[in-house]
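Good morning, everyone, and thank you for making time for this. I would like to walk you slowly through one structure, so please keep the picture open while I talk.

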Amino acid sequence: MQFHHHGYVSGDPRVSPPAGTGVDRPADLPGEVDVLIVGSGPAGMILAAQLSQFPGITTRLVERRPGRLAIGQADGIQARSVETFQAFGFAERIVQEAYRITEMCFWAPDSQDPSRIVRTARAEDDPNGISEFPHLIVNQARVLDYFAEVMANSPTRMKPDYGYEFVGLEVDHSDAGGDFPVTVTLRYTAEEGADAEERTVRAKYVVGCDGARSGVREAIGRRLEGDQARHAWAVMDTLAVTDFPDIRTKCAIQSRHGSILHIPREGGHLFRMYVDLGEVPEGDAGSVRKTTKETAIAKANEILPPYTLDVKDIAWYSVYEVGHRLTDAFDDVTEGEDRTPRVFIAGDACHTHSAKAGQGMNVSMQDGFNLGWKLGHVLDGRAPESLLATYSAERQVIARDLIEFDKEWSSLMAKKPEEFDDPAELGEFYVTTAEFPAGFRTQYPPSMLVGEHTHQGLATGFPIGKRFKSVPVVRVADANPLHLGHHARADGRWRIYAFAGDDVSRPGGLDEWADWLASSADSPVVRFTPEGADLDAVFDVKAVYQQRHVDVDITRVPRVFLPPSGPFGLTDYEKVFAVDPHVDIFEERGIDRTAGCVVVVRPDQYVAHVLPLSATDELAAFFDRQMLELRRD
């Protein structure tokens, strides 16, 4: 990480000095805010953490609980989420405390004695190297803690406002609505036994991250629509003594008496079991949800023979029926309306599904990440309000795909062993669909934020619309090997990676492109960087050369890749890279060695465009459709 560029820092460099709304931040919830977030689940916390990086924006997050979440329902952290944690600065720490999934075992009835289960297969969790980051299991509460730390250490010194329950909202779309057209009514419930006082807060934008029973969703007239699979599961986080040999390995267990999805938890002892309670009869009216812990433990022991489970403690227990529901949009704009949205929903407020695919928290966080930087850019004056319509357009499709995937996975998990045509079917599905649950199947279509695929051939390994898949490189200035994508932070900036061709000085080559970017009136860096701000305040521009680092003369590198930083104008030497001798990024990502190329990456880590170095007009036009010129002292 970089620091000292504003002067010597003797304390924790992860703690930014307060700025903007973080200076003398009021302890009490103000009457007017730019963004009001309702709910401190995964979607709400990552959204708040992203917005906390914008000092000029007043963001408050209200939560009806009196304090932090002690134990969360979700625990599966897919590799895409760990990539996201890296951008927020805590991937390494959460990996250290989490359980890491490296393989999954499959158990089924012994063909010689169907009353006993036997291990039938092992599947490597990521055999194709989808990500350099691991698949983790860790309590949702700890994920929220890390995001809370990011918020608290940010320039805005943000923290949740606990003890506020959402009551309702009204949106005034007339001129009378002014700058704060959304009026939200809240009920104060923080103190036990206190009168439930109500108060109102006016906001420019409101985001409902308040779960499957979302009051915000109801207030804007959206409905979760879908169906129940009429199949129930008990889920328990358990400490137990057992002779089951794979108790510390993720397992799909199928027997004549039902199924178990078994997931070890962090800490070396705790584990989670989803225990199959079978079909839910018509007219059940929710009575299956009253299934006791003792019944669930007995059912697990019925499934596990010849092994036994002696439960010593249950940290958390619940019963749920599999359901798949989705709203038709993730904002308050109805079809045919010609306006930009003012109220949004994210996470479980707009999509619900089974827990067994480990997607709820992960997809919810990507909802929040997607929306956070867009709100930040609009409120900061960097982008037009039309940018906000892309949130629902992009994320609603992803949620629909998730639900279709989860329907298939949950139905396979509920099958009886004799119902499979091939005993290996479940394991094969797990392996062949690995990219989807890992969070990497998402590919946004062309839009104001995503370019056409005309020049995709220049960098075939960076598919336009998909997340930027990092590769090892070597930093030229200090010979340090690192991952190119790990240098990007969730700071709201666009990334522009310039990959050098075989001759940087030829017309249309890297040097000419760099000169245009630094000096042309059409350059996005020149047009959209505020006056008085660092050159890389809006665009983080990096160069990657084909040579080894010892063969790159840093004195001849264009200055746009060595920008001055901070009040002293210190040179930033961390934007110039060469190939790693062990992993050539040009080979790994199919980058044209002759021509080179430009890869544009959004603030939420998705590839927005691939262009030739000579296509300066196209690069300028791409940013012109989504950014606003803003000159500030």
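I will begin with the start of the chain, go on to a small sheet and a helix, and finish with salt bridges and a hairpin.

Before anything else, please keep in mind that what you see is a predicted model.

Let us begin with the segment before β1, the strand that covers residues 32-38, where we find valine 9. Together with Met1 and Phe3, Val9 makes a nonpolar patch of about 270 Å² on the surface. Valine 9 has a relative accessibility of 31%, and therefore counts as partly exposed.

Serine 16 is also a residue of the segment before β1, and I would like to ask which residues serine 16 touches when those up to four places away in sequence are not counted. They are Asn153, Ser154, Pro155 and Arg157. Arginine 157 is 141 residues away from serine 16 along the chain, and yet the C-alpha atoms of the two are separated by 8.9 Å. With a relative accessibility of 25%, serine 16 counts as partly exposed.

Now to the small sheet. Three strands make up this open sheet, in the order β3-β7-β4, and their pairing is antiparallel. Why is one side of β3 and of β4 left without a neighbour in the sheet? The reason is that β3, residues 76-77, and β4, residues 99-101, stand at the edges, so each of them has a single partner strand. If we look at one of these pairings in detail, β4 and β7, the latter being residues 135-137, are joined in the antiparallel sense over three bridges. As a landmark for your own viewing, you can look for tyrosine 99, which stands opposite isoleucine 137 of β7.

Next comes helix α2, residues 79-88, and in particular glutamate 83, which is found in this helix. Is glutamate 83 buried or exposed? Its relative accessibility is 6%, and since buried means under 20%, glutamate 83 counts as buried. The side chain of glutamate 83 makes a polar contact of 3.2 Å with the side chain of arginine 80. Once we set aside the neighbours within four places in sequence, glutamate 83 is in contact with Ser131, Glu132, Phe133, Phe440, Arg467 and Gln605.

Let me turn to salt bridges, of which a search of the whole structure finds 48. I have chosen three to show you.

In one of them, aspartate 34 is paired with lysine 204, and the closest N and O atoms are 3.2 Å apart. Aspartate 34 belongs to strand β1 and lysine 204 to strand β11, residues 197-208, so this pair ties together parts of the chain that are 170 residues apart in sequence. The two partners can be told apart by their accessibility: aspartate 34 counts as buried at 10%, whereas lysine 204 is partly exposed, with a relative accessible area of 22%.

Another salt bridge is formed where the side chains of arginine 68 and aspartate 145 meet, at 2.7 Å from N to O. Here too distant parts of the chain are linked, because arginine 68 sits in the loop between β2 (59-63) and β3 while aspartate 145 sits in helix α4 (residues 140-153), and the two are 77 residues apart. Arginine 68 is partly exposed, with a relative accessible area of 45%.

The salt bridge that remains on my list pairs glutamate 574 with arginine 475, with 3.5 Å between the closest N and O atoms. Glutamate 574 is in the loop between β24 (570-571) and β25 (576-579), arginine 475 is in strand β19 (residues 472-475), and their positions lie 99 residues apart in the count along the chain. At 10% relative accessibility, arginine 475 counts as buried.Strand β19 brings us to the hairpin. Three bridges join β19 to strand β20, residues 481-483, and the two run antiparallel, with proline 472 standing opposite histidine 483 of β20. How many residues are there between the strands of this hairpin? There are five, and alanine 479 takes a positive phi near 65 degrees in the hairpin. Strand β19 is also joined to β25 by three bridges, again in an antiparallel arrangement, and there you can find valine 474 opposite alanine 578 of β25.

Definitions and conventions:
Residues numbered from 1 in each chain as written. Predicted model: local features only at pLDDT ≥ 70, side-chain atom pairs only at ≥ 80, totals over all residues. Heavy atoms only, no water. Patch = residues over 30% accessible without salt bridge, like charges linked within 9 Å, V, L, I, M, F, W, Y side chains within 5 Å. Areas by Shrake-Rupley, 256 points an atom, 1.4 Å probe, with all protein chains shown as cover. Salt bridge = Lys/Arg side-chain N within 4 Å of Asp/Glu carboxyl O. Helix = DSSP H or I, 4+ residues; strand = E, 2+ residues; numbered from the N terminus. Buried < 20%, exposed > 50% of the residue type's maximum accessible area, 1.4 Å probe, protein only. Contact = heavy atoms within 4.5 Å. Pairing = 2+ DSSP bridges. Polar contact = N/O pair within 3.5 Å; in protein donor to acceptor, adjacent residues only side chain to side chain.
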